Amino acid sequence: MKKCISVLLCLILAFSSVSLFAVSASAAENILTVNATSNIPELFPGSSMEISSASGSNQVTVTYWYNTKNYCMLNCEFTLTYDRNYLEYDHTKNVNEKLNDRGNLVPLFVKNAFVKGEPKGIIFNTNPASFAEGNIGAIKANCTNTNGYDVCEGKSAFISVTFNVKKNSGETNVNLQIKTLGFRKDGETTVNPVYLVSKSQIVKNSPVEYVTDKSYSVAYAGPYNEKYVPVVDNDKNLEISMNLELTVNLKTAFYVKKAAVGDMTDLRMNIKYSDDYSTVDKDLTYSEATVDGVEYYKFVYEGVNPQRMYDEYKVTVSTKL
C-alpha cells in the first residue's frame with residue numbers, strides 16, 4: 001500500500017498539514033484513479049486508489065472485503081460494473097476463472113463461496129446480454145449454499161476481480177451493486193435465513209453483526225493479493241505534518257497520525273529527489289511521538305542543504321506485506 005505526495009520544503013516551517021491526496025507526479029508518469037464503490041456503503045465503504053504507470057503493472061484488482069460475526073453466508077446476488085474504455089476483464093486461466101476437475105469453467109472472484117477449494121452453488125456471467133452494448137462492462141452472479149459458506153469473521157474477500165488496464169490515465173469507477181446478501185447462524189442445524197441486504201438495501205435491525213472498520217472496497221495494482229492491507233475510506237484524511245529545524249543542514253520531521261493509517265503496519269517513508277547535481281533517495285524508519293494527546297509515527301530526515309530548501313521532494317508512505 002503506497003501513498004505519495006510532493007512537498008516544497010520552503011513552504012512549511014512549522015506544523016502545516018498537506019493532504020496525501022494532493023499527489024504530484026513526474027511528467028513521465030500517467031496516473032489512473034480507480035474508485036471502488038458500492039450501493040451498500042455501510043458494508044463496503046468506497047475508496048480510491050491512484051495507480052501509476054511507473055509501477056510497471058498492467059493489471060488492477062478490485063477487492064471487496066467484509067467482516068461479520070457468528071454468521072456464515074447463505075446466498076448472494078450482485079452485479080459488478082466497470083468501464084470498458086479503461087478496464088478489461090482478464091480471462092487468463094487462473095486469474096478470475098479456472099477449469100475444475102470436471103472440466104467446467106468456475107469463477108475465482110467470489111472468494112468466500114468455496115468449499116474445499118471448489119466454488120459451490122455459483123452461477124455467473126461475465127458478459128450479460130443486458131450490458132452487451134455500450135462501454136459499461138458487467139459481471140452478474142448469484143450463489144447459494146444451504147449449509148452456509150465460511151464464517152466471514154475477520155478479513156474475508158467477498159468478491160475480487162482482476163482487470164487488464166486499457167487506459168492508464170484518467171479516472172474510472174468499479175461499482176458493486178448488491179441485491180441480496182443472506183446469512184444463517186453458525187452452528188444451527190436448521191436453515192433459518194436472515195438478511196443483511198434485501199432488495200438492494202441494507203436491512204434495518206438485521207441480527208447479522210458487521211464490523212464497519214473492517215469492511216473495505218479497494219483497488220490496487222497487480223493480481224489478487226490476500227495479504228494486501230486495505231485502508232478504509234477515511235484514508236482521505238491522512239495527513240503529513242512537517243517540522244523543519246534550522247541547523248547547518250536542515251532536519252525535517254514528518255508526522256503521520258496513527259489513527260489515520262487504518263491497518264497499515266510496519267510503515268516506511270521514502271523521500272526522493274533528483275536533478276543534474278544531486279540525488280536523494282532514502283528510506284526512513286519511524287519512532288513514535290505524542291503531540292497534544294495525538295499519537296503519531298515520526299519520520300526524521302537529516303541533511304537537507306539550506307541552499308536546496310526550495311526544491312520539491314516526493315514523500316511516499318508504504319507498508320511491508
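Cys 76 is buried in this predicted model, because its relative accessibility of 4% falls under the 20% limit. The residue belongs to strand S7, which spans residues 71-83. Beyond its neighbours up to four places away in sequence, Cys 76 touches Ala 141, Asn 142, Cys 143, Phe 158, Thr 180 and Leu 181. With Asn 142 the C-alpha to C-alpha distance is 5.4 Å, although 66 residues of sequence lie between the two positions as a separation.

Strand S7 is joined to strand S16 (residues 170-185) by ten bridges, and the two strands run antiparallel. Within this pairing, Phe 78 has Ile 178 of S16 as its bridge partner. Strand S16 also takes part in a parallel pairing with S3, where seven bridges are found and where Val 34 stands opposite Thr 172. A further antiparallel pairing, with three bridges, connects S16 to strand S17 (residues 194-198); here Leu 181, which is among the contacts of Cys 76, is the bridge partner of Val 197 in S17.

The aromatic side chains form eleven pairs, two of which are set out below.

| Ring pair | Distance of centres | Angle of planes | Arrangement |
|---|---|---|---|
| Phe 44 and Tyr 66 | 6.1 Å | 40° | tilted |
| Phe 109 and Phe 124 | 5.6 Å | 75° | edge-to-face |

The pair of Phe 44 and Tyr 66 links distant parts of the chain, 22 residues apart, since Phe 44 lies in the loop between strand S3 (31-38) and strand S4 (47-52), while Tyr 66 lies in strand S5 (residues 59-66). Phe 44 is buried at a relative accessible area of 0%, and Tyr 66 is likewise buried, at 0% relative accessibility.

The pair of Phe 109 and Phe 124 is edge-to-face because its planes stand at 75°, over the 60 degrees that this class requires. Here the separation in sequence is 15 residues, with Phe 109 in the loop between strand S10 (105-107) and strand S11 (114-115) and Phe 124 in strand S13 (residues 122-125). Phe 109 is buried, with a relative accessible area of 0%, whereas Phe 124, at 23%, counts as partly exposed.

One aromatic cluster comprises Phe 44, Tyr 64, Tyr 66, Phe 78, Phe 158 and Phe 183. Among its members, Phe 158 is also a contact of Cys 76, and Phe 78 is the residue bridged to Ile 178 in S16. An aromatic ring also meets a charged side chain at Tyr 224, where Lys 111 lies over the face of the ring at 4.3 Å from its centre.

Terms used:
Residues numbered from 1 in each chain as written. Predicted model: local features only at pLDDT ≥ 70, side-chain atom pairs only at ≥ 80, totals over all residues. Heavy atoms only, no water. Helix = DSSP H or I, 4+ residues; strand = E, 2+ residues; numbered from the N terminus. Buried < 20%, exposed > 50% of the residue type's maximum accessible area, 1.4 Å probe, protein only. Contact = heavy atoms within 4.5 Å. Phe/Tyr/Trp six-rings, centres within 6.5 Å; stacked < 30°, edge-to-face > 60°. Lys NZ or Arg CZ within 6 Å of the ring centre and 35° of its normal. Pairing = 2+ DSSP bridges.
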